[in-house]
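Student: I'd like to work through this structure with you and check the reasoning behind each label. Can we take it step by step?

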Amino acid sequence: MVTGTPAAVPSEKKLNILNFYFINGVTLLVIGFFVYMYQTGISWETTASTHGTNWWSVILACVWMVCASLSITGGYHRLFSHSAYKASWPVRLFYLAFGASSFQNSAIKWSIDHRRHHAKVDTDKDPYNINRGFWWAHIGWVFYLDPKGSDISEAKDLMEDPLVMFQHNYYFRFGAVIAYVIPTLLGLLWGDPLGAFILCGSTRLIFQYHFTFAINSYTHMFGRQPYSLANSARDSFAAAVLTMGEGYHNFHHRFQTDYRNGIRWYHYDPTKWFVWTLSKLGMTSNLRITAKEKIERAKAAVRAQKEVASQTLAMKGAQAKQVFAEKSAQAKQALAEKSASAQALAHDMSVSAQALAHDVSDRAQALAHDVSVSAHALADEVREKSEEALGPKPHANPN
Ligand SMILES: [Zn+2]
Ligand SMILES: [Zn+2]
């Protein structure tokens, strides 16, 4: 269940220097080698040192890719983590050898992390919690130290298997031999030890990393949820193609002990076909399958939950529409009322302005009249005063 958005990197985490430099260093080496191959080309020549990479090295890398991928999906995941079937010791040894070459930890440590992922999916206790974001779930978590360190005591069932414990104790050396030493020696057969070393060891490893990690990131974000809505896991055909069938992750989270991830015959699940073929050869047994009725019940429950969710959504949509319509009508009415009062106010102001103008005009006229009258009176008074001051006018000489 998605619960908020925690920090992309937990504050208590410390950088795993070894993993950080190893993965980034190998990635740079692989990019550099691609440039080298582009410039020198690939040939079938067995005197290869002057002719670039040999096609046999490319083919060997593809074989290593298939073996290592099956060891993670069929071995680390479905056998060791989930006990979805039993396997004879040669099969377990094959898984442990190529699993070590995948440099994703020893089988027992990988299984502990993965069991935690299932038990605490989408929470802070999930090592690759998708709620910390795509980057953290994909590869970010690998760059940080596990606070539980090298403690493997919680996987007591796996501790009973001496092959598992041997791989755990010699994991890194075991991985180096399978990933690098054997391919380099085989590369000598066709004169391209460097190409075999890098293509089988590093190039294969980087591609395998990102394909495997896509299950923790991509299939917890994108795809369908036909079997359970209880967590973020999803079914994705594209992811299944990249990961030997592990992309049916919604089914897997719901029925994790089923040895299949893709349950239909047409579901692309090479791991399932591999384990089934080995069972026909007597090398695997007790393949666990979920009862059809149980699967159908899970699908029906999801359909019912989706139906309820869509009805609730439709109901909320209708309610929201109604509230919106009501609010719009109220707003429209309020607007109309305000418009009417604004018009009335404008009319009142116009009338007042006219009255004021009229009043001002009248007063101005009255004032002008008063001023004129006063001016005339003043003029008369001045004239009289001046006449008085000048005295009586002299009489005209009668002579
Ligand atoms: Zn998952
Ligand atoms: Zn699983």
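Tutor: Here we go through the overall form first and then the helix pairs, keeping in mind that this is a predicted model.

Student: What makes the protein chain differ from a compact globule?

Tutor: Set the two values side by side: a compact globule of 399 residues would have a radius of gyration near 21 Å, but the protein chain has 45 Å. Along the principal axes, its C-alpha atoms fill a box of roughly 170 × 60 × 40 Å.

Student: Which domains are assigned, and how far apart do their centres lie?

Tutor: The assignment gives domain 1 as 17-290 and domain 2 as 300-378. The C-alpha centres of domain 1 and domain 2 are 71 Å apart. As for secondary structure, the protein chain has 13 helices and 4 strands.

Student: Now the helix pairs. Why is α3 called roughly parallel to α7?

Tutor: Helix α3 (residues 89-100) and helix α7 (residues 162-169) pack at about 15°, with axes 10 Å apart. Angles under 35 degrees count as roughly parallel, so α3 is roughly parallel to α7. The crossing of α3 past α7 is right-handed.

Student: Which residues make that contact?

Tutor: From α3 you have W89, R92, L93, L96 and A100, and from α7 there are L163, V164 and Q167. Sorted by class, the contact of α3 with α7 has 6 nonpolar, 1 polar and 1 charged residues.

Student: And why are α3 and α8 called roughly perpendicular?

Tutor: Helix α8 covers residues 171-189, and α3 packs with α8 at an angle of about 85°, their axes 7 Å apart. The roughly perpendicular range is 65 to 115 degrees, and therefore α3 and α8 get that label. In this contact A97, F98 and A100 of α3 meet Y171, F174, G175 and I178 of α8. The class split for α3 with α8 is 6 nonpolar, 1 polar and no charged.

Student: What makes α2 and α9 oblique?

Tutor: Helix α2 (residues 55-81) and helix α9 (residues 193-216) pack at about 40°, with axes 9 Å apart. Under 35 degrees would count as roughly parallel, and roughly perpendicular takes 65 to 115. The angle of about 40° therefore leaves α2 and α9 oblique to each other. Their crossing is right-handed.

Student: Which residues of α2 and α9 are in contact, and how do they divide by class?

Tutor: The α2 side has S57, V58, L60, A61, W64, M65, A68, S69 and I72. Across from them, α9 brings G195, A196, L199, C200, T203, R204, F207, Q208 and T212. That contact of α2 with α9 counts 11 nonpolar, 6 polar and 1 charged residues.

How values were computed: Residues numbered from 1 in each chain as written. Chains lettered and ligands numbered in written order. Predicted model: local features only at pLDDT ≥ 70, side-chain atom pairs only at ≥ 80, totals over all residues. Domains from an automatic or database assignment. Axes fitted to C-alpha atoms, helices over the stretch in contact; angles between N-to-C directions. Helix = DSSP H or I, 4+ residues; strand = E, 2+ residues; numbered from the N terminus. Parallel < 35°, antiparallel > 145°, perpendicular 65-115°, else oblique. Left-handed = near helix turned anticlockwise from the far one by under 90°. Contact = placed C-beta atoms within 7 Å. Nonpolar A, V, L, I, M, F, W, Y, C, P; charged D, E, K, R; others polar. Rg over C-alpha atoms; globule rule 2.2 N^0.38 Å.
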